[in-house]
Amino acid sequence: MSKLFEIKQRIEKGERVVEGLNEAKLLMSQSNLLIPSTRSDMVDLQVSRDILEVGALHSITSQDLKSFERYINLLNPFWSLTNDSTNQPKIIALQLLIYLTQNRISDFHTLLESIPIHLLSNFHIQTPIKLERWIMEGSYSKVWDSKPEIELAGHWIWLAFLETIRNEIASCEEKAYDSLPINDAATLLFFNSPAQLTQFATSRGWTISPSTQHVIFKDLNSITGIEKQKFSLPSHNMISHSLNYAKELETIV
Amino acid sequence: MAAEEIEIDQAEKAPQENSKQDVKPVQTVIDEIRQNASLIERAVITTESRITSRVLRTLTTLRKRLSDEVLLQAIQQLGSRKYKTQLMPYLSNDMQVDSSLAQTSESGTLPEVDIYLSLLVLLRLIDKPNLSSALELAITTLNNIQALNKRSFDPLAAKVWFYYYRIHELLGQEQESRTQLLAGQRTAVLRKDTDCQAVILNCLLRCYISAKAYDQADKLIAKSTFPEGAGNPQLARYLYYLGRVKAVQLNYSDAHHNLQQAIRRAPSGNIAPGFLQNAYKFFVVVELLMGDIPERSIFKQQLLKGSLEKGGYLAITQAVRVGDLSLFADALSKHSDSFIRDSTYTLILRLRHNVIRTGLRMISLAYSRIPLGDICAKLRLDSEEDAEYIVAKAAREGVIEATINHQQGYMESKQGGNIYDTEEPQVLFRQRIQFCMDLHNDSVKAMRYPLKSKDDDLAKAEEARERESRLIKEIEDGDIGRGDE
């Protein structure tokens with residue numbers, strides 16, 4: 001196992017990480033460490049855990065989400081068997097953040113429930129928890145303010161995150177406003193210039209009136225809105241339900 | 001987590017002290033055990049597992065009155081020789097046992113009765129508490145059941161499985177029992193043993209939930225089906241666990257439905273107060289998360305009043321109803337310990353934005369036009385910017401019908417439309433019809449029909465049953481041979 005330890009030291013310094021990880025995974029599968037059990041040696045477990053953690057962090061820097069999730073799945077049994085590691089909260093927080101970026105709120109909460117209580121107060125894990133709360137409330141400006149904390153995880157995560165938030169805000173605005181001045185809409189959506197907004201507006205199908213410099217949502221509302229619903233009778237539903245009632249009545253009588 | 005059972009256990013322990021003091025009831029308890037044993041024998045002979053279930057239903061009341069003395073005598077009188085030597089060492093042997101009574105029904109002992117006696121000893125060991133020997137006994141009993149492999153064991157085996165897991169839980173090592181349970185589950189499914197299947201499935205779910213492995217619990221639910229023939233109490237448990245898993249996954253309407261069904265199907269309040277209290281706790285929280293306010297009558301029920309009020313659920317509900325964030329924060333910090341203990345804490349944390357929403361809804365109902373700054377002050381939000389986003393989000397989610405005027409910074413509520421213009425009444429009406437029909441169909445299914453024109457057919461049925469049991473016996477004799485004769 002001294003070999004694993006060497007690799008660990010090497011990749012923690014950041015030298016030839018990919019090579020080291022592949023080599024380590026091969027070694028681990030040979031000595032049955034990829035599926036750890038209580039019978040395994042504690043030192044071995046810790047070394048392999050550390051290596052996998054480096055792997056998880058590395059896949060974040062190389063923007064490979066799939067391999068990140070694979071590492072997480074490998075790491076879970078290690079975490080339950082060994083005592084806390086310094087990287088664990090960091091990696092869990094990253095996973096939470098990624099769930100938020102992908103709008104997988106249900107997965108987010110399932111993971112959150114499984115975090116031991118003493119880790120919940122950890123600084124790293126608090127960040128995504130706070131973010132989720134603000135997103136659910138709609139306090140998007142607070143989300144924007146926590147930009148530096150998210151950027152710690154990586155700039156590309158922040159960009160993906162911003163994209164999700166923007167779409168959320170946009171769908172809210174479509175409902176809540178009839179029209180908005182271009183400049184205000186840009187600030188609400190955290191755009192630096194009106195030009196960026198114009199691009200975004202066309203992608204969502206908003207009309208921009210050039211004379212008043214307003215973004216207009218009203219048309220959208222009237223098409224998708226309540227009026228349309230009111231006039232269409234849900235005839236198919238009604239018929240199928242009535243038929244169902246008739247069938248049930250038949251069985252009763 | 002274990003609250004529901006522990007509460008029940010404690011309730012049962014109290015009267016047990018009393019019964020130990022007076023010795024007279026010993027004979028009546030023994031009589032009762034003997035009567036149960038003969039019932040089990042009848043169940044085996046007529047192959048009616050219903051009678052065994054009836055015997056098992058008396059288990060809780062019997063449990064309070066068990067003592068070493070009672071059990072020793074019962075085993076002497078009823079047990080087979082093999083079991084006598086197996087069970088005796090578990091009981092304290094300092095009492096003088098009347099050995100003249102001993103050899104009464106030696107030859108006729110059925111293995112089912114032996115298992116029943118083991119179960120009683122098991123209960124006694126848990127109550128003592130002597131958990132390590134209880135575990136040992138549970139494992140030997142399960143092995144015995146596996147070795148004999150008869151369908152008439154099923155209801156008894158289910159009970160033994162339940163206590164097998166319970167002992168692990170009391171010892172604090174429930175995770176270790178998982179492999180065994182999974183193996184047991186497989187065997188039960190293969191043998192179409194509905195009783196064990198239901199019980200083990202529930203134990204597994206409980207095990208996963210206590211380890212907070214909601215992912216695995218969800219997979220287990222998806223991959224397994226709850227056996228249809230299992231009894232109501234097990235179904236209630238299953239629905240309760242299902243509701244909890246769904247609540248964690250934000251599937252509140254399913255969770256609500258499951259918990260409601262669990263509560264309806266649970267035995268009445270004086271039999272399982274702990275279960276009902278716990279189920280109601282989750283029910284209240286889920287209802288709040290759905291944006292509804294639980295009915296006041298829930299909090300007034302005698303059984304729930306104490307636990308819901310003391311646990312802080314009443315305070316939380318009030319805060320959400322009024323839509324006051326500071327009240328909510330107060331209640332949360334005051335009762336956080338009890339929420340963590342009930343493992344509702346993370347669910348309740350999610351309620352925060354519901355509080356804001358109800359507040360907002362009340363404002364939009366009361367004012368036709370209100371500046372964003374005022375909303376901010378009323379809801380105690382941090383900034384006007386946030387207030388604007390929050391209002392916009394609430395408008396999108398249909399909590400309020402309002403538009404924002406950004407330039408002048410106010411929110412304008414739309415005139416509330418006539419609800420009868422929408423599909424809403426129809427949907428509700430449909431839901432109620434559906435409920436009535438389900439109720440009707442379920443009650444039809446649950447009815448037991450007496451055999452047609454009772455007197456004539458009874459003899460025929462009896463005859464058929466006899467023929468059947470003879471057949472079974474023949475098969476068994478041919479295959480296995482009865483070991484204890």
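Helices, as counted here, are DSSP runs of at least four residues, numbered from the N terminus. With that in hand, we can place a residue: A:Asn103 sits in the loop that links helix 5 (87-101) to helix 6 (105-114) of chain A. Keep in mind as we go that this is a predicted model.

Let's stay with A:Asn103 for a moment. Its phi is positive, about 60°, although the residue is not a glycine. Most residues other than glycine have a negative phi. Is A:Asn103 buried, exposed or partly exposed? Its relative accessible area is 42%, and the class between 20% and 50% is called partly exposed, so A:Asn103 is partly exposed.

A:Gln63 tells a similar kind of story. This residue lies in the loop between helix 3 (42-61) and helix 4 (65-81) of chain A. Its phi is near 60°, a positive value, and A:Gln63 is not a glycine either. With a relative accessibility of 47%, A:Gln63 also counts as partly exposed.

Now step back and look at chain A as a whole. Its secondary structure consists of 16 helices and three strands. Why is chain A described as more spread out than a compact globule? Its radius of gyration is 26 Å, while the globule rule gives 18 Å for 253 residues, so the chain is well over that value. The C-alpha trace spans about 75 × 70 × 30 Å along its principal axes. Even so, 45% of the 253 residues are buried. Among contacts in chain A with a separation of 6 or more, 57% are between residues 24 or more positions apart.

What about the surface and the charges? The accessible surface of chain A is about 13,400 Å², and carbon and sulfur atoms account for 56% of it. Chain A carries 23 positive and 29 negative side chains, and the centres of these two sets are 2 Å apart.

Chain A has a partner, so let's look at where the two chains meet. How many residues of chain A are in contact with chain B? There are 40, and they touch 40 residues of chain B. Together the chains bury about 3,800 Å², with 58% of that on carbon and sulfur atoms. On the chain A side, A:Glu113, A:Glu137 and A:Tyr245 lose the most area to chain B, together 18% of what that side buries.

Finally, visit B:His168, which belongs to helix 9 (residues 154-171) of chain B. Its relative accessible area is 6%, and buried means under 20%, so B:His168 is buried. Leaving aside neighbours within four places in sequence, B:His168 is in contact with B:Leu135, B:Gln173, B:Glu174 and B:Ser177.

Methods
Residues numbered from 1 in each chain as written. Chains lettered and ligands numbered in written order. Predicted model: local features only at pLDDT ≥ 70, side-chain atom pairs only at ≥ 80, totals over all residues. Heavy atoms only, no water. Helix = DSSP H or I, 4+ residues; strand = E, 2+ residues; numbered from the N terminus. Rg over C-alpha atoms; globule rule 2.2 N^0.38 Å. Buried < 20%, exposed > 50% of the residue type's maximum accessible area, 1.4 Å probe, protein only. Contact = heavy atoms within 4.5 Å. Areas by Shrake-Rupley, 256 points an atom, 1.4 Å probe, with all protein chains shown as cover. Lys, Arg positive; Asp, Glu negative; His and termini not counted. Charge placed at Lys NZ, Arg CZ, Asp CG, Glu CD. Buried area = accessible area lost by both parts, 1.4 Å probe.
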